[in-house]
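Work through these exercises with the coordinates open. Each task is followed by a stepwise solution.

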Amino acid sequence: MADAATENTPQSLASPSAPPVGVRFAMSSHPGRIRSDNQDACAAAPGRGIFVVCDGMGGAAAGEIASKLAADAFLETASLSTTEPVPLEDAATVTSTADCPKIQLERAVAAANRAVYQRSERYRALRGMGTTLVAALIHSSGAGCSAWTANVGDSRCYLLRDKLLRQLTSDHSVVEEQIRAGILSREQAEFSPVRNVITRAVGTQSEVAADIREHPLRSGDILLLASDGLTRELHDEDIASILVLSSSLDAGSKALVQAANAHGGRDNITVLLIARD
Ligand code: CA
């Protein structure tokens, strides 16, 4: 896949002094073919190398509010420099500068959780709303370039390398727990009546823990952040071949949404692609 420049800047909170990160990105979000609303949200601060996708849940407009609140709060906090004071309870975990992206993501997930939880406490109609969250922070240092991922729920991050797609995040879902316990196979999980049920969400409780991991990146790697509206409709091999055949990130993100719709489009579909130069 060859791209000339950053193809999409729907939302950016990057400050002008942000360090340049050699990444390009494209994102697409679509309600799908069944639902009239779109409870997914996606946002990016490309100058900071920060990208996030959220998939909201809750009655009426609550899901839409939850995902938007979480994505905005996440991006705003993740864009803050880690040289700004770290809350006391986190200070002990800073052992070297290499820990900075982890702290940045922990603070940003906590801010997203607080934003959603506090709003739902304030308004009865929004009680119980929540959202998934998957994010990538591209971090360059003397040792090279890494993608730090954070996730809560079943929105996923994948890596396309050498034409192969690999899931980098683990879902927080009932079926994922059943797969790990040997009760279900991956194939059976696709048809499970509880395949929608997640075991962790942003904003449903006063605190939440995200899984945060570092993945070294190579030149030519492509990261995909996606809501389950994409990953329930398409197999990994289909996603990989669409990306490999796409002429640009923008074309790839649109082709993935189109393919998910062609397979049924039963849920909102959100795709965010990030490429390292
Ligand atoms: Ca969904």
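**Exercise 1. A metal ligand and its surroundings**

Is D228 buried or exposed?

*Solution.* The model is predicted. Step 1: take the relative accessibility of D228, which is 7%. Step 2: apply the cut-off, under 20% for buried. D228 therefore counts as buried.

**Exercise 2. The calcium site**

Identify the donors of the calcium ion and place them along the chain.

*Solution.* Step 1: list the donors. D55 appears twice through OD atoms, and D228 and D267 each appear with OD. The distances run from 2.3 to 3.1 Å. Step 2: write the spacing, D-x172-D-x38-D. Step 3: locate two of the ligands. D228 lies in helix α6 (residues 228-231), and D267 lies in the loop between α8 (249-262) and β11 (269-276), so this pair ties together parts that are 39 residues apart in sequence. Step 4: check D267 for burial. Its relative accessible area is 17%, so D267 is buried.

**Exercise 3. The nonpolar cores**

Which residues have the most contacts inside the largest nonpolar core, and which elements supply it?

*Solution.* Step 1: the core has 30 residues, and V52, F74 and L133 have the most contacts inside it. Step 2: β2 (40-45), β3 (50-57), α1 (62-78), α3 (100-122), β5 (133-141) and β6 (144-152) each supply at least two of its residues. Step 3: α1 gives the most, with eight residues. Step 4: inspect L133. Leaving out residues up to four places away in sequence, its contacts include V52, F74, V109, A150 and V202. Step 5: note a second, separate core of 22 residues, with L165, I222, L224 and L243 among them.

**Exercise 4. The open sheet**

Give the strand order of the five-stranded open sheet, then find its edges.

*Solution.* Step 1: the order is β1-β11-β10-β7-β8, with antiparallel pairing. Step 2: β1 (23-30) and β8 (164-167) each have a single partner strand, so one side of each lacks a neighbour in the sheet. Step 3: the twist averages 20° from one strand to the next. Step 4: examine one pair. Five bridges join β10 (residues 222-226) to β11. A226 stands opposite V271 in β11.

**Exercise 5. Helix α8**

What span does α8 reach, and what covers its buried residues?

*Solution.* Step 1: α8 has 14 residues and reaches 20 Å from first C-alpha to last, close to the 20 Å expected at 1.5 Å a residue. Step 2: its buried residues include L249, L256, V257 and A260. Step 3: the cover includes β1, β10, α6, α7 (236-245) and β11. Step 4: look past the helix. G264 follows α8, with a positive phi near 140°.

Terms used
Residues are numbered from 1 along each chain as its sequence is written. This is a predicted model: local features need pLDDT of at least 70, side-chain atom pairs count only at pLDDT 80 or more; totals for chains, interfaces and linings use all residues. Side-chain values use heavy atoms; hydrogens and water are left out. Donors are N, O and S atoms within 2.8 Å of the metal (3.2 Å for Na, K and Ca); water is not among the atoms, so sites may look incomplete. Helices (H or I, at least four residues) and strands (E, at least two) are DSSP runs, numbered from the N terminus. Buried means under 20% relative accessible area, exposed over 50%, partly exposed in between (1.4 Å probe, protein chains only). A nonpolar core is a set of buried Ala, Val, Leu, Ile, Met, Phe, Trp, Tyr and Cys residues joined through side-chain atoms within 4.5 Å. Contact means heavy atoms within 4.5 Å. Two strands pair if DSSP finds at least two bridges between them. Axes are lines fitted to C-alpha atoms, for helices over the stretch in contact, and angles run from 0 to 180 degrees between N-to-C directions. The expected span of a helix is 1.5 Å times one less than its number of residues.
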